[in-house]
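Here are my notes on the disulfides and one helix pair, written to be read with the structure open beside you.

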Amino acid sequence: MRPSRPSAIALVVVLAAALTAVVAAAPRSVAQRGASGRDDGITTVPDDVIVPTTSTDPAVRMREVAALAPSTTALLTTTADFPDALASGVLQDDAMLLPATRDALGPGVADLIRAADVTDVVVLGGTAAISDAALAELPDGVPTTRIGGAERTETAALIATAAAAADDTRPDAVLVARARGSAGNPSSGFIDAIGAGAWSAQTGWPVLLIDGDRVSEPIRQAVRDLDPDRVVVIGGTAAVSDAAVADLASGRPVERIAGAERAETAAAIATAARPDGAETVFLVDGTDPDAWVDGFPAAHPAALSDGVVLLSAGEELPAATRDAIADLRPDTITCLTATEACLAARDAAGMPPAIEVAVTPPPGEFLPAGADIAVTTPGTPDSRIEVVDDGGCATVGPDGRGRATAPAGTDCTVVIRVVASGRTAQTTTIRWPAVSIDRRTAVGGVDFATAVLGNRWDYAQPIDARVDPVIGGNAGSARVDAAAGVLTFGDRAGVTVPLLWANFPGAVPIAPDGLVNPVDANRFRHALIRVWASEPAGMSLEWRACTTGNCINHPTTQGRVHAGLAAGWQTVQLDLGAQPSWGGDLHQLYLFANAAQVRVDDVRFVEAPTGEAITVTADPAVQLTWDRDDDPSNNTDPTSPDHGPLVDGRLAADELPPGDYWIHTSTGATHGPVRLATPPAPIISAPSVESAPDYATEVRGNPWDFSPGPGPAGTDDLAGIGGVSSATTTADGVLHATNGGNDPWIELAMAGPLDPNRWHTVTIDFDLEGPMRLEDAPGGGAHGRILFRHAGSATWRNGAEIVAYDNQRRFTIDMRRPDAVEPGTPAWTAAPITAIRFDPNEDPGARRWSVDRIRLTGAVPAAGSTPLTIREAGIPDDGQRTVRWTAAPSPAGGGQAITPPTTFSATPHTTPGTTCGLTPGTWWVTAQVTDADGRTGSATGRTPLVVQPC
């Protein structure tokens, strides 16, 4: 049994008072928090939907939810993390949960404590979470108690026993939930405890926590002390395992309440807690990583109002939530998520439709000073308008007509009540911003580097450009400033820089270079180059096709297009499809400019410009600038690519790189973020070289990771080492050595002859200290090679040279390629391989070098099921996407489906593929991704599946 509570009538008064205070002080709607797309500027909140807050500050959100049902007892928890409050529900039968930081109470918390005449404060967590200095802000004379363990499960145990001691009762049951989230999904650590907390506050059943499969001793002791009749488990076996529950229950009856996903679990909890219906539904955004700051403090008002906590998915209302609301038939929806979801919940509860409000000028657009305003309710002629707050920017009379008084550049928010049939039907907030943004996302074309290389040419990483002194002739003055994300070069005599480098003659082609990843010029026909020049100058783009594999000495096709540069930043757009020699596969791209200084921020080769843009409208007196962050104070460098004037009010996807942007006004306001995006650009990471089985791991039983051991150079991964003056292996598994001659080498330890058709792709992580020079002299020879011996031969076969570029540390070579071995050398697949050697350089000087890892892989075997994983290299649209996987017997793509269409909202995303319908043999997989607007992108994997019989 629980202690007596205030009556339902008293609670309604409390809730109504809280809502009145919120509306009178600063009416808000959560359409501003969690909603995507354009804000239409009008939010209607029916009187049966309570909206406590729209703040993005976790402390404000928690305080305003708690203020819905003030109490004379307050619980304090840190907003830095959720563990201390995970099990707080059982204490919220007569206490409100309030926020603090380590050194201060949350905003407005002290005022709420005074207004509620709090007589007791319970602090959850130790002084590392909430210090005594923070408690000094409490009103004088309010006593405090701490409950905190060494870790979260002990804190839950202490809370449970403290609650039982305070009530002097033995709980009929205990609720068991997971203690922490899974890797990559931290919100799973608290989401089940949100619904369980409200049930716990209602029943007095404490929430105990299990950390993985382990039951901690404090939790085990709490069960012994509480001696419940039964154990109720919240969540599925992935959250709380059967083995751990059996250990905890010690023979007591066990009931599990769970759904297939978090919204279903919350609905199941609500049905169990309120089988006869609920007065109130508290709706929390289950996709919000900070949902706990809304959901945990909701336990107290939910328990007092015969309420439950259910989950939305942002603006969407999951089917399980909708069905639960239809069954519970609440009188009130307390909205802690996007308004769209709460209005959908209102419909599910069978509440009457909201009254339509028509506004002129249209809300969501800027409001010029002096403009006439009209607010009407066309579908409800017997209604009238009452102004709650004119925002200091408009006058609106009872007839709904008025005039704007706001100066240019000032946002205007007006709050009205609609009174119909003698009662307040709803409160409506009307917003006219100083700046109007017509959309939140504009989509440009997918570009070559994103779609093919999986890494956009934005010069944020050194690998984005080859700028070694020996490349590109006079490109020695070029450099990449990775910290600033800008490719910088310049000389009035002219400098040529490779955008896409093909290869050195005779060296094995290495990704990301053009002989491995050519540009399909029939597909990518337009260039978009974001460039800054110190002065007016000339610029040209040159391309080459290298069908002989040698772009330097034997270019078979060559073309060039010219453009002029103005001083400052600009986006040069080149229609390459109009050039006769632009076509087929191109392997090398050069950029030339003859300004004293040139900066390149972004290079894209796209199928076609989309023309999409975000249009920003404001009063002509207001100046607008765009920014890559929300801080205008750091926009002091005129050469920076991260900010600039918003010309003609257009943020064009063909002119600026993909990413998030903010709009600043000359009146000091900031709006955003808005997003320039690309269509879906999937990159397949399984099957791939990285996901494929590794020979040394699978066959030898010990990977070539150079972990310390008894063998040569201190590791048993080597069969031998030579040509070095010193060699050591570090504890983190890196082989470091110094040349002792012209030909250092390491021979890898093997487990007998290997099948070269099964094992053929070598990935080496290695590094040479010093500059990249290739001449045969001390300080040169910055290239390695793979050597191998065939069965029945003592001769080492030479692989082609591997150029050790300054800006690359990982090199992947398919040894089956004809150009992976020197001319005249027998192919890798000519016979079983009995020995493998790696020569890291050919420097006759004392060059230092290191090798971190060597992997030897091939195709990925699949028998029945195989994981298929994608990531997205571009910046995708907000919202869900759908992936469809197919397999074909050639890399041309297409083929037959091996998965059903699967929706996802974040990558990497893995789908189990079924291969039983494929005939045994080699198959290539293709992933096609479709976004919510129907845009598609696809990719075919480069590592095939070897399908085996099921």
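1. A definition to start with: helix angles under 35 degrees count as roughly parallel, over 145 as roughly antiparallel, 65 to 115 as roughly perpendicular, and the rest as oblique. Keep in mind, too, that this is a predicted model.

2. Now put that to use on helix α12 (residues 319–328) and helix α13 (residues 339–348), which pack at an angle of about 45°. The two helices are therefore oblique to each other. Their axes sit 8 Å apart, and α12 passes α13 in a right-handed crossing.

3. Which residues of α12 and α13 make the contact? From α12 they are R322, I325 and A326, and from α13 they are A344, A345 and A348. Sorted by class, the contact of α12 with α13 has five nonpolar residues, one charged and no polar ones.

4. On to the cysteines. With a cut-off of 2.5 Å between sulfur atoms, the count comes to three disulfides. As a reminder, a disulfide is a covalent bond between the sulfur atoms of two cysteines.

5. C335 is joined to C342, with an S to S distance of 2.2 Å. The torsion about that S-S bond is about 100°, so the C335–C342 disulfide is right-handed. Buried or exposed? C335 is buried at a relative accessible area of 1%, and C342 is buried too, at 0%; the cut-off for buried is under 20%.

6. Next come C393 and C412, whose sulfur atoms are 1.9 Å apart in their disulfide. This link is right-handed, with 75° about the S-S bond. C393 lies in the loop between β16 (384–389) and β17 (394–396), while C412 is in strand β19 (residues 412–420), so the pair ties together parts that are 19 residues apart in sequence. C393 counts as buried at 2% relative accessibility, and C412 is buried at 1%.

7. That leaves C916 and C950, which form a disulfide with their sulfur atoms 2.1 Å apart. Here the torsion about the S-S bond is about -115°, so the disulfide is left-handed. This pair links distant parts of the chain, 34 residues apart: C916 is in the loop between β57 (909–914) and β58 (921–930), and C950 is in the segment after β60 (945–947).

8. One last check on that pair: how accessible is C916, and how accessible is C950? C916 is partly exposed, with a relative accessible area of 45%. C950 is exposed, at 63%, the cut-off for exposed being over 50%.

Definitions and conventions: Residues numbered from 1 in each chain as written. Predicted model: local features only at pLDDT ≥ 70, side-chain atom pairs only at ≥ 80, totals over all residues. Heavy atoms only, no water. Buried < 20%, exposed > 50% of the residue type's maximum accessible area, 1.4 Å probe, protein only. Helix = DSSP H or I, 4+ residues; strand = E, 2+ residues; numbered from the N terminus. Axes fitted to C-alpha atoms, helices over the stretch in contact; angles between N-to-C directions. Left-handed = near helix turned anticlockwise from the far one by under 90°. Contact = heavy atoms within 4.5 Å. Nonpolar A, V, L, I, M, F, W, Y, C, P; charged D, E, K, R; others polar.
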